Amino acid sequence: MSTPSLASLPIRRLTLRDLAACADLSEDRGWPREEHKWGFLLTAGKGYGIDDPDGGLVSACVVTEYGPHEHPALAAIGMVLVAERHARQGVARRLMRHVVSAMAATPLTLHATPYGRPLYEELGFKVTGRAEMVRGHFTPGGPEPKVATRAATAEDLAAILRLDEQAFGTDRTHIVTRLPAFADQLRVAEEDGRIVGYAAAWPNMETHVVGPLIARDTSVAQALIASLAAHTDRPLRTDIDVRHEELLAWVKARGLASVAFNSVMTYGITELPGDWSRRFAPVTVAAG
């Protein structure tokens with residue numbers, strides 16, 4: 001029997017049953033397996049993939065929708081991967097076109113590496129921002145934060161959701177409510193009995209990824225990062241909007257070094273909704 005062409009292989013929805021195949025695909029491209037993150041994304045969002053007749057996946061990606069279920073206000077695309085043996089054959093282009101078509105009129109966003117950016121520009125995505133990935137062991141120092149921080153409790157959920165929607169620009173209850181199970185830490189910053197910021201730290205290989213990081217201002221963001229660092233021995237990693245120059249300088253002065261830059265791109269909107277000044281880092285670049 002002849003092997004089907006890549007163009008004729010169907011694109012299907014992925015489920016948690018595909019978790020191992022997604023992790024295998026990551027490993028095939030030299031990425032960490034990241035089962036923990038794949039599991040989170042496949043349950044909180046929609047996975048799309050192409051099966052390889054010889055086993056495994058030819059390609060995969062995940063779409064995370066935000067806002068009303070019937071009419072999402074925004075969707076983030078991430079984890080776009082093609083197996084090495086099928087690379088440079090138009091597979092990613094075909095999968096992305098399918099996803100863009102499936103999302104119809106929903107505005108889209110993604111974080112693009114320099115390698116992936118040309119494809120997304122070809123499909124109509126525009127660069128609207130940049131994020132800088134930083135990583136390292138956090139070294140405490142400087143003045144003590146003036147804002148108090150503590151572990152979040154179930155009673156904080158309503159306040160966290162209100163703050164998150166104001167900063168993010170649309171509802172992401174399905175993400176926030178998964179954080180207690182997904183993250184090793186979920187902490188809030190409090191002033192005069194009011195929550196003015198929150199952040200999570202979730203495990204990813206040997207690091208703890210800080211995200212989301214939502215805060216009233218830079219000083220609150222600093223207090224949250226310092227409090228997360230104080231409760232882990234792992235290096236921290238996070239992706240900070242480059243407009244937050246003060247926070248980037250502060251984390252670099254405390255041991256985190258620049259690793260890479262990603263372009264924040266949008267489709268169907270000229271800029272992301274919400275208040276960027278309070279949105280310091282995403283849950284993960286794969287989910288916006």
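**A pocket, a buried arginine and some backbone oddities**

Glu34 is buried in this predicted model, since its relative accessible area is 10%, which falls under the 20% cut-off. Glu34 sits in the loop that runs between α1 and α2, the latter covering residues 35-44. Its backbone is worth a look too: phi of Glu34 comes out near 55°, a positive value in a residue that isn't glycine.

Arg88 also has a positive phi without being glycine, here near 60°. This residue belongs to the loop between β4 and α3 (91-102). Arg88 counts as exposed because its relative accessibility is 63%, and the cut-off for that label is over 50%. So of these two loop residues, Glu34 is buried and Arg88 is exposed.

Another backbone feature turns up at Pro212, which is part of strand β10 (residues 207-215). The peptide bond leading from Gly211 into Pro212 is cis, its omega being near 0°.

Back towards the start of the chain, helix α1 spans residues 19-28 and includes Glu27. With a relative accessibility of 46%, Glu27 is classed as partly exposed. Its side chain has a polar contact of 3.0 Å with the side chain of Arg33. Glu27 also pairs up in space with a residue from elsewhere in the sequence: Ala83 is 56 residues away along the chain, yet the C-alpha to C-alpha distance is 9.4 Å.

Then there's Arg187, located in strand β8 (residues 185-191). Arg187 is buried but lacks a salt bridge. The nearest side chain of opposite charge belongs to Glu190 and is 10 Å away, whereas a salt bridge calls for a side-chain nitrogen within 4 Å of a carboxyl oxygen. What the Arg187 side chain does have is a polar contact of 3.3 Å with the side chain of Ser227.

As for empty space, the largest pocket holds about 1200 Å³. A total of 44 residues line this pocket, and those nearest its centre are Trp31, Val80, Leu81, Thr113 and Tyr115. Strand β4, made up of residues 74-82, is the top contributor to the lining, supplying 6 residues. By residue type, the lining of the largest pocket splits into 24 nonpolar, 11 polar and 9 charged residues.

Terms used
Residues are numbered from 1 along each chain as its sequence is written. This is a predicted model: local features need pLDDT of at least 70, side-chain atom pairs count only at pLDDT 80 or more; totals for chains, interfaces and linings use all residues. Side-chain values use heavy atoms; hydrogens and water are left out. On a 1 Å grid over the protein atoms alone, a cavity is a set of points where a 1.4 Å probe fits but cannot get out, and a pocket is an open set with protein on both sides within 12 Å along at least five of seven lines; lining residues have an atom within 4 Å of a point. Grid points are joined across faces, edges and corners, and a volume is the space filled by probe spheres set on the points. Helices (H or I, at least four residues) and strands (E, at least two) are DSSP runs, numbered from the N terminus. Ala, Val, Leu, Ile, Met, Phe, Trp, Tyr, Cys and Pro count as nonpolar, Asp, Glu, Lys and Arg as charged, and the others, Gly among them, as polar. Buried means under 20% relative accessible area, exposed over 50%, partly exposed in between (1.4 Å probe, protein chains only). Lys and Arg count as positive and Asp and Glu as negative; His and the chain ends are not counted. A polar contact is a pair of N or O atoms within 3.5 Å; within protein, one must be able to donate a hydrogen and the other to accept it, and residues adjacent in sequence count only if both atoms are side-chain atoms.
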